[in-house]
Amino acid sequence: MFETGLLTDKRILVTGGGSGLGAVMGRRFLALGADLVICGRKLDRLEATASEMREATGSKITTVACDIRDGAAVESMMEAIWREAPLDILVNNAAATFIAQSEHLSFRAADAILAPTLHGAMYCTLAAGKRWIDGKHGGVVLSILSTSTITGRAFTVPSAMAKSAVLAMTKSLAVEWGPKGIRTVAIAPGPFPTAGASGQLRPEGRDEDWAVRNPLGRAGEHGELADLASFLVSDRAGYINGEMVVIDGGAHLRSSGAEDLLRWTDAQWSEQRAARSRA
């Protein structure tokens, strides 16, 4: 679909790049010529993913263990990255969520979602942005959000709040940092199933027909998301700034994606809380 060298000479950091959609996007960036850095909390997972990517592509991949919930850790990570070379692109992909009745959320549970999804994205964005500005180096921030920023979403309230806040950051910094050569953009994916997300959002007992109720009758294919991300961070999208692109087959026009949970019984919710505690 794209020129082979679309992302040649672009150094890209993907947070949460060791698994799921972060790894999917990373593989596509490599195929298009990028120099990839992936970060996450578990170095063994990062190294396993990087090893597989190197074997498949022969490309250079750097791994950095970092808990992006910790602002000081993010600063240390960015210092280490910049010692080798500046980033050109930051992809805020790392996030956390699970379904829960909001009245049963503890402060700790809410913070477990807000910390990586909102605070981590903000810490990474500010740390990269100030270095770009100080070095008079252009950059792109791509944040992976959710259609809950448009519709709201019951039973994942902290995630909807966090993603909406990151969208506000995207729009605000587009104005503030645009004159400095820094673009901020976002993607709101619909259903693109991964093992991790499905385990948290589609537990056993939840409606199995959600994909066929999509206006296009299916879930998204990972390559479709990776291609959109590749375009948005590339120079070909150089006039797109402050925007969020929805890629969900039109699902948000029909439903927020949580209506089936309104039919859950107290027993189902109790089992869900117990399963999360066991995990």
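## Salt bridges, a helix pair and selected residues

The structure holds 12 salt bridges, and the coordinates discussed here come from a predicted model. As background, side chains of opposite charge can pair when their charged atoms come close. Three of these pairs are set out in the table, each with the separation of its nitrogen and oxygen atoms.

| Acidic residue | Basic residue | N to O distance |
|---|---|---|
| Aspartate 235 | Lysine 10 | 3.1 Å |
| Glutamate 84 | Arginine 11 | 3.3 Å |
| Glutamate 75 | Lysine 130 | 3.2 Å |

### The charged pairs in their surroundings

Aspartate 235 forms a salt bridge with lysine 10. Aspartate 235 sits in the loop between α8 (222-233) and β7 (244-247), while lysine 10 belongs to the segment before β1 (11-15), so the pair ties together parts of the chain that are 225 residues apart in sequence. The two partners differ in their exposure: aspartate 235 is exposed, with a relative accessible area of 59%, whereas lysine 10 is buried, at 17%.

Glutamate 84 and arginine 11 also meet through their side chains in a salt bridge. This pair, too, links distant parts of the chain, with glutamate 84 in helix α3 and arginine 11 in strand β1, 73 residues apart. Glutamate 84 counts as partly exposed at 45% relative accessibility, and arginine 11 is buried, with a relative accessible area of 4%.

The salt bridge between glutamate 75 and lysine 130 joins two helices, since glutamate 75 lies in α3 and lysine 130 in α4, 55 residues away along the sequence. Here both partners are partly exposed: glutamate 75 has a relative accessible area of 26%, and lysine 130 has one of 40%. Elsewhere, salt bridges that share partners join Arg11, Asp35, Lys60 and Glu84 into one network.

### Helices α3 and α4

Two packed helices are described by the angle between their axes and the distance between the axes. How do the axes of α3 and α4 cross, and within what distance do they come? The axes of helix α3 (residues 71-84) and helix α4 (residues 107-134) come within 9 Å and cross at roughly 40 degrees. The two helices are therefore oblique to each other, and their crossing is right-handed.

On the α3 side, the contact involves Gly71, Val74, Glu75, Met77, Met78, Glu79 and Trp82, which meet Tyr123, Cys124, Ala127, Ala128, Lys130, Arg131 and Trp132 of α4. Both members of the salt bridge between glutamate 75 and lysine 130 appear among these contacting residues. Lysine 130 can also be placed relative to tryptophan 177: the two are 47 residues apart in sequence and 10.0 Å apart in space, taken from C-alpha to C-alpha.

### A buried lysine without a salt bridge

Lysine 163 lies in helix α6 (residues 157-177). Which side chain of opposite charge is nearest to lysine 163, and how far away is it? The nearest one is aspartate 248, at 14 Å, and lysine 163 has no salt bridge although the residue is buried. Leaving aside residues up to four places away in sequence, lysine 163 touches Ala95, Thr117, Ile144, Leu145, Ser146, Ser148 and Thr149.

### Positive phi values

Most residues other than glycine have a negative phi. Aspartate 9, which is not a glycine, nevertheless has a positive phi of about 70 degrees. Aspartate 9 lies in the segment before β1 and, at 70% relative accessibility, counts as exposed. Lysine 136 likewise has a positive phi, near 50 degrees, in a residue other than glycine. Lysine 136 is placed in the loop between α4 and β5 (139-144), and this residue is exposed, with a relative accessible area of 77%.

### Histidine 222

Histidine 222 is found in helix α8 and is partly exposed, with a relative accessible area of 28%. Apart from residues up to four places away in sequence, histidine 222 touches Leu21, Val24, Phe192, Pro193 and Thr194. Its separation from arginine 45 amounts to 177 residues in sequence and 20 Å in space, C-alpha to C-alpha.

Definitions and conventions: Residues numbered from 1 in each chain as written. Predicted model: local features only at pLDDT ≥ 70, side-chain atom pairs only at ≥ 80, totals over all residues. Heavy atoms only, no water. Helix = DSSP H or I, 4+ residues; strand = E, 2+ residues; numbered from the N terminus. Buried < 20%, exposed > 50% of the residue type's maximum accessible area, 1.4 Å probe, protein only. Lys, Arg positive; Asp, Glu negative; His and termini not counted. Salt bridge = Lys/Arg side-chain N within 4 Å of Asp/Glu carboxyl O. Contact = heavy atoms within 4.5 Å. Axes fitted to C-alpha atoms, helices over the stretch in contact; angles between N-to-C directions. Parallel < 35°, antiparallel > 145°, perpendicular 65-115°, else oblique. Left-handed = near helix turned anticlockwise from the far one by under 90°.
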